[in-house]
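Here is a short tour for a reader who has not met this structure before. Look at the sequence and the model first, then read on.

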Amino acid sequence: MRKPCCDEEGTNKGTWSKQEDQKLIDYIQTHGEGCWRSLPKAAGLHRCGKSCRLRWINYLKPDIKLGNFAQDEEELIIKLHALLGNRWSLIAGRLPGRTDNEIKNYWNSHIRRKLMKMGIDPENHKLIHLHRPSSSAAAAATSMEKKPNSNNLNLDLTIAFDPSLTPNPNSAEPSHKNNNITTKEMDHQSQSAPTLPLFN
DNA sequence: AACCGGCCCAACCGCCGCCGG
DNA sequence: CCCGGCGGCGGTTGGGCCGGT
C-alpha cells in the first residue's frame, strides 16, 4: 500500500503564509528546483514536498503571469481543449506564464459556464439539443453559429465542430490512460509546427 | 444587519508513469 | 523483469468572498 505523502506529524496544511513563501523562494533561488521530497526539511518548511512543488509552480515561480485571462488566452484555451480535452498541463504548455491549475480553475469557473450558456457542451464542444431546435439553448447556439461574434466570446465555433481536428473522438474524456499524445510528442509538434491547424 | 446561496480559487488527494536499483 | 520511490497530473474539496434578498 502506498503511503500518503503528507501523513507526517506536524506537517502544515492549508494556505501558505508569507514566511513560508519566502523560505521556499529563498531555498529554490539558492539551490534550484528538484528533489521535492527532501526540500521541505532542507528549507525548514513543515510542508510535504508536493505542497511545496505546487506552491512554487503555481504562484511563486518568477515567470508566472497572475491576473485575469486575456480574450485571446481564453479563445486559445477553448480551442486547445477542443483538441486535447482535459489535459491541462498540455494546454498550459501553450500558454506562457499560465499554470495547469489556473487554467483548470478558469475553465471550470468561467469558460464551462459560458459555453453552457451558449448551448455548447463543454465536454465535446458540440451543440446541445440539436434535435430540439425550439429549445432556447439550441436557438442561442444556432444564432451564435451564424454570428460567432454576436456576444463577447469571440470564438470561431466552426473549429470546435470539425472532427478532423480532434485526434481522438473521446479526447474530452477525463482519463489520460488512453492518451495517445505524449508530452514529448506535443513538444515536438509545437517545435515543428508552431501554429496548430486550429489557428488557420 | 443578517442570512443565504453561488462562485472563485488555493490547496489537497489519489492515481499513474517513469526510472533507478 | 520486478519493485518501490518520486514527480507529475487531473479531479475534487472547502473556506472565503460577494451579491441578492
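Start with R112, which counts as partly exposed at 28% relative accessibility. The model it sits in is predicted. R112 forms a salt bridge with E123, and the closest N and O atoms are 2.5 Å apart. The two residues come from distant parts of the chain. R112 belongs to helix α6, while E123 is in the loop between β1 (120-121) and β2 (126-127). Eleven residues separate them. E123 is also partly exposed, with 28% relative accessibility.

**The chain as a whole**

Chain A holds nine helices and two strands. Read from the N terminus, its elements run α-α-α-α-α-α-β-β-α-α-α. The chain has 200 residues, and 36% of them count as buried.

**Salt bridges**

Side chains of opposite charge can pair when their charged atoms come close. How many salt bridges does a search of the whole structure find? The search finds seven. Three of the pairs are described in this report, and the table lists their distances.

| Salt bridge | Closest N to O distance |
|---|---|
| R55 and D21 | 2.8 Å |
| R98 and E73 | 3.0 Å |
| E123 and R112 | 2.5 Å |

Take R55 and D21 next, a salt bridge with its closest N and O atoms 2.8 Å apart. This pair links distant parts of the chain: R55 lies in helix α3 and D21 in helix α1 (residues 18-31). They are 34 residues apart. D21 has 11% relative accessibility, so it counts as buried.

R98 and E73 also meet through their side chains, at 3.0 Å from N to O. Why does this pair tie together parts that are 25 residues apart in sequence? Because R98 lies in the loop between α5 (88-93) and α6, whereas E73 lies in helix α4 (residues 71-84). Are the two partners buried or exposed? R98 is buried, with a relative accessible area of 6%. E73 is buried as well, with a relative accessible area of 8%.

R98 and E73 also belong to a network. Salt bridges with shared partners join K65, E73, R98 and E102.

**Helix α6**

E102 brings us back to helix α6. Its buried residues include E102, I103, Y106, W107, I111 and L115. The helix bends by about 45° at W107. How does its length compare with expectation? At 1.5 Å a residue, the 18 residues of α6 should span 26 Å. The end C-alpha atoms are 24 Å apart, which agrees.

**The DNA side**

The model also contains DNA strand B, and 17 residues of the protein surround it. Which are the closest? They are K50, S51, R55, Y59 and R113. Two helices, α3 (49-60) and α6 (100-117), each supply at least two residues of the surface near the strand. By class, that surface has three nonpolar, seven polar and seven charged residues.

Which parts of the strand come within 4 Å of the protein? Of those DNA atoms, 61% belong to sugar or phosphate, and the rest belong to bases.

Individual side chains fill in the picture. An N or O atom in the side chain of R55 is 2.3 Å from a phosphate oxygen of DNA strand B. R55 is also the residue that forms a salt bridge with D21. The side chain of K13 has an N or O atom 2.8 Å from a phosphate oxygen of the strand. K50 meets a base instead: a polar atom of its side chain lies 2.7 Å from a base oxygen.

**Two more places to look**

R47 is in the loop between α2 (39-43) and α3. With a relative accessible area of 6%, R47 is buried. Its side chain joins that of E20 in a polar contact of 3.0 Å.

L90 is in helix α5. At 8% relative accessibility, L90 counts as buried. Its C-alpha atom is separated by 8.0 Å from that of D100, ten residues away along the chain.

Technical notes. Residues are numbered from 1 along each chain as its sequence is written. Chains are lettered from A and ligands numbered from 1 in the order in which they are written. This is a predicted model: local features need pLDDT of at least 70, side-chain atom pairs count only at pLDDT 80 or more; totals for chains, interfaces and linings use all residues. Side-chain values use heavy atoms; hydrogens and water are left out. A residue is near a molecule or strand if one of its heavy atoms lies within 4 Å of it. A polar contact is a pair of N or O atoms within 3.5 Å; within protein, one must be able to donate a hydrogen and the other to accept it, and residues adjacent in sequence count only if both atoms are side-chain atoms. Helices (H or I, at least four residues) and strands (E, at least two) are DSSP runs, numbered from the N terminus. Ala, Val, Leu, Ile, Met, Phe, Trp, Tyr, Cys and Pro count as nonpolar, Asp, Glu, Lys and Arg as charged, and the others, Gly among them, as polar. A salt bridge is a side-chain nitrogen of Lys or Arg within 4 Å of a carboxyl oxygen of Asp or Glu. Buried means under 20% relative accessible area, exposed over 50%, partly exposed in between (1.4 Å probe, protein chains only). The expected span of a helix is 1.5 Å times one less than its number of residues. The bend at a residue is the angle between axes fitted to the seven residues ending there and the seven starting there.
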